[in-house]
Amino acid sequence: MTFVVNDGYQEIVPINVTVTITEHGDEVDYDGEEHTVTGYDVTISNPLYTEDDFTFSGDATVKGTEAGSYDMELTADDFENTNPNFENVTFVIEDGQLVITKLEITVSVADKTVEYNGSEQEGETEYTFENVLSGDTATITYTPAKGTLVGEYDNGAYADDLKIVDGNGNDVTDNYTLTTKTAGKLTITENTTEIRVVSGDQEWTYDGNEHSYVQYTVYYGDEEIKGAVGQETIELPTGDSIVIRDNANAKVTNVSDTEEGNNKFTYVMVDNSKQYTSLADPEFGTLSIVPLEIKVTIVGANNTTDYDAVEHTVTGYTATASSDLYDVNNDFDFTGEAEAKRTTVGTTQMELSDEQFTNTNDNFDVTFAITDGYQTINPINVTVTI
């Protein structure tokens, strides 16, 4: 008899497994410092397989300083299965990255407001960056606005020449992204300095002539600008000019022409009057004629005669003035009588006094000097024969 034996057995066949390696990653903003990401996560398709069943021989580290993306660059060859129960182990690498994003920065020029001063003004000449790292220096080119008259002026656009260097002079521009450019503007406002124009005071002693005084003073705030006599255009510190007008009637001849504020005029600002807010009304000075001081000499008539038993009378006076401008026939009044009468021996005075004489011409301040008139009767000689 022959026995045929077919041996029994228990066969365990290796199974396939997939190991997914997910590299660690991170995303940070550029800060000038070196950043590091290490390690990975493991996902295994079969729970019978563990991390102890394979070895890793690579370097799960990635480093970076500059803005950009950095791969850890692991490969399946960095991993080796050490468990024979698993015949086909597939290592799948899912890339992780260190991402350093560019630092967002802004640049701006501040608005600038200035008051009109007649000169060309310039917008803010300095710009500022925000969010640039300490120690880094950023530069860019732009054109400041320029203007002279009241209004708003936009600064020019920035050029595309951003450059940033670190403290060692290294160009680190590529680590930044410029997100906002604010240009700003120049605003020129109206000039608020108070401007006053004053005509001068002047006084003359009466001389029969017509007088005028065309000198003006401009007050620009606290600054006094005195024009020359006859000068009708006066320049301000801004370069604009005041022009005097309508002063033809500011003339005086007689004392009666004197009146407070009679030195009248008007003025205008040449070209740029709209650039000012405080042009005050003109202030008028006073042109004055004061009386001429003179002396009028009054001499009463006089007569001397010998006694003849007849009444004798003398009348009138003569008047002379110290100035030919004074008309002794019309410029004073006389009250009373300029007369002296006498019959007998002796002298009779007219008794003239300065109270009888009144000046009637306001252009003169008159002093009357009186020499009294008189009538004198002298005695006569007679011979009586007895």
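Strands in this tour are DSSP runs of E, at least two residues in length and numbered from the N terminus, and the model they are assigned on is a predicted one.

Begin by selecting N175, which sits in the loop between β18 (163–165) and β19 (176–182). Although it belongs to a loop, N175 counts as buried, because its relative accessibility is 3% and the cut-off for buried is under 20%. Display the side chain of E66 next, since the side chain of N175 makes a polar contact with it at 2.4 Å. If neighbours within four places in sequence are left aside, the residues in contact with N175 are Y30, E66, A67, K102 and L103.

Move on to the largest nonpolar core, which has 30 residues, and select V19, Y49, F54, V89, F91 and Y176, the members with the most contacts inside it. At least two residues of this core come from each of β1 (16–23), β9 (88–94), β10 (97–101) and β11 (103–109), and β11 gives the most, with four residues. Centre the view on F91, which, not counting residues up to four places away in sequence, touches V19, Y49, F54, A76, F79, E80 and N81. Apart from this core lies another, of 23 residues, for which A250, V252, L287 and F332 can be selected as some among its members.

Finish at the surface by selecting Y307, V345, I380, V382, V384 and I386, which make a nonpolar patch of about 660 Å². Within this selection, V384 is found in the segment after β40 (374–378), and V384 is classed as exposed because its relative accessible area is 66%, where exposed requires over 50%.

Terms used:
Residues numbered from 1 in each chain as written. Predicted model: local features only at pLDDT ≥ 70, side-chain atom pairs only at ≥ 80, totals over all residues. Heavy atoms only, no water. Patch = residues over 30% accessible without salt bridge, like charges linked within 9 Å, V, L, I, M, F, W, Y side chains within 5 Å. Areas by Shrake-Rupley, 256 points an atom, 1.4 Å probe, with all protein chains shown as cover. Salt bridge = Lys/Arg side-chain N within 4 Å of Asp/Glu carboxyl O. Buried < 20%, exposed > 50% of the residue type's maximum accessible area, 1.4 Å probe, protein only. Polar contact = N/O pair within 3.5 Å; in protein donor to acceptor, adjacent residues only side chain to side chain. Contact = heavy atoms within 4.5 Å. Core = buried A, V, L, I, M, F, W, Y, C linked by side-chain atoms within 4.5 Å.
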